[in-house]
Amino acid sequence: MKINIAFPATGCQKLIEIADELKVRPFYEKRMGQEMDADTLGEEFKGYVVRITGGNDKQGFPMKQGVLTNGRVRLLLNKGTTCYRPRRDGERKRKSVRGCIVDGNLAVLNLAIVKKGDAEIPGLTDNTIPRRLGPKRASKIRKLFNLTKDDDVCQYVIKRPLPLKEGKKQKYKAPKVQRLVTPVMLQRKRHRLALKRRRGEKNRLAAAEYAKILAQRQKEAKEARELKRKRSASLRESKRSTSSQ
């Protein structure tokens, strides 16, 4: 079985092949996300604590968190789930995945170092690979360089050099700073709030005009009902007087 070990602190990872099954047998029946000692992998791993992050079997099917079996199952997967990338909107697909329990049918087991031991592991803990990309959000750049709100964040963006072409000057590529508060952004915000206030004032005026028209119509209807009542009363009075004569 091959063991792919990653050390997030340095950004390095290393693939080692272990022919002796007794060394990897303590990992059997363990689940993804569990932490355990890596002493059985060799003397250089003494004191190390690793977390099982995944793996795939000999046919290439990946392990999926939450599937409590050590075999292979077919699941209906949709957008947002692991082990599946939809090609169309709303697409779902039934795919084969392996459960989250480790067994001997795995070809590669992925581990991440949680706690470093005493000895250094060549190619894993003795070297540091710098991050290819720096932070992009304005607040995270301020946090990284301990800046205040008065400092210009754009001056502290981490640029990455592009491949150098023969006879050309070195060019750099910098990300666009996100969530940056600029005068244009503040102007747009003021414009949005002004539109909101204008809409509210317009709605208030329309409501007042509607209430005024409604009161006028109700008054007119009341006067019409009163006039109709008086007419019918006078008509009844005239009929009564003619019948008595």
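A salt bridge is counted here when a side-chain nitrogen of Lys or Arg lies within 4 Å of a carboxyl oxygen of Asp or Glu. By this rule, the predicted model holds eight salt bridges. Side chains of opposite charge can pair when their charged atoms come close.

One of these pairs joins aspartate 57 to arginine 72, with 3.2 Å between the closest N and O atoms. The pair links distant parts of the chain, as aspartate 57 belongs to strand β4 (residues 49-57) and arginine 72 to strand β5 (residues 72-77), 15 residues apart. The surroundings of the two partners can be read from their accessibility: aspartate 57 is buried, at 1% relative accessibility, whereas arginine 72 is partly exposed, at 37%. Both take part in a network of salt bridges that links Asp57, Arg72, Arg98 and Asp103.

Helix α3 (residues 183-244) offers another setting. Here glutamate 226 and arginine 229 form a salt bridge at 2.3 Å, N to O. These two residues are separated by about one helical turn because they sit three residues apart in the helix. Glutamate 226 is partly exposed, at 34% relative accessibility, and arginine 229 is partly exposed as well, at 48%. Further along in α3, glutamate 237 and arginine 240 are also three residues apart, about one turn of the helix, and their side chains meet in a salt bridge of 3.0 Å, N to O. Glutamate 237 is partly exposed, with a relative accessible area of 47%.

Away from these charged pairs, threonine 10 lies in the loop between β1 (2-7) and β2 (12-17). Threonine 10 counts as buried because its relative accessible area is 8%, under the 20% cut-off. Leaving aside residues up to four places away in sequence, threonine 10 touches Leu124, Thr125, Asn127, Thr128 and Ile129.

Note on methods: Residues numbered from 1 in each chain as written. Predicted model: local features only at pLDDT ≥ 70, side-chain atom pairs only at ≥ 80, totals over all residues. Heavy atoms only, no water. Helix = DSSP H or I, 4+ residues; strand = E, 2+ residues; numbered from the N terminus. Buried < 20%, exposed > 50% of the residue type's maximum accessible area, 1.4 Å probe, protein only. Contact = heavy atoms within 4.5 Å.
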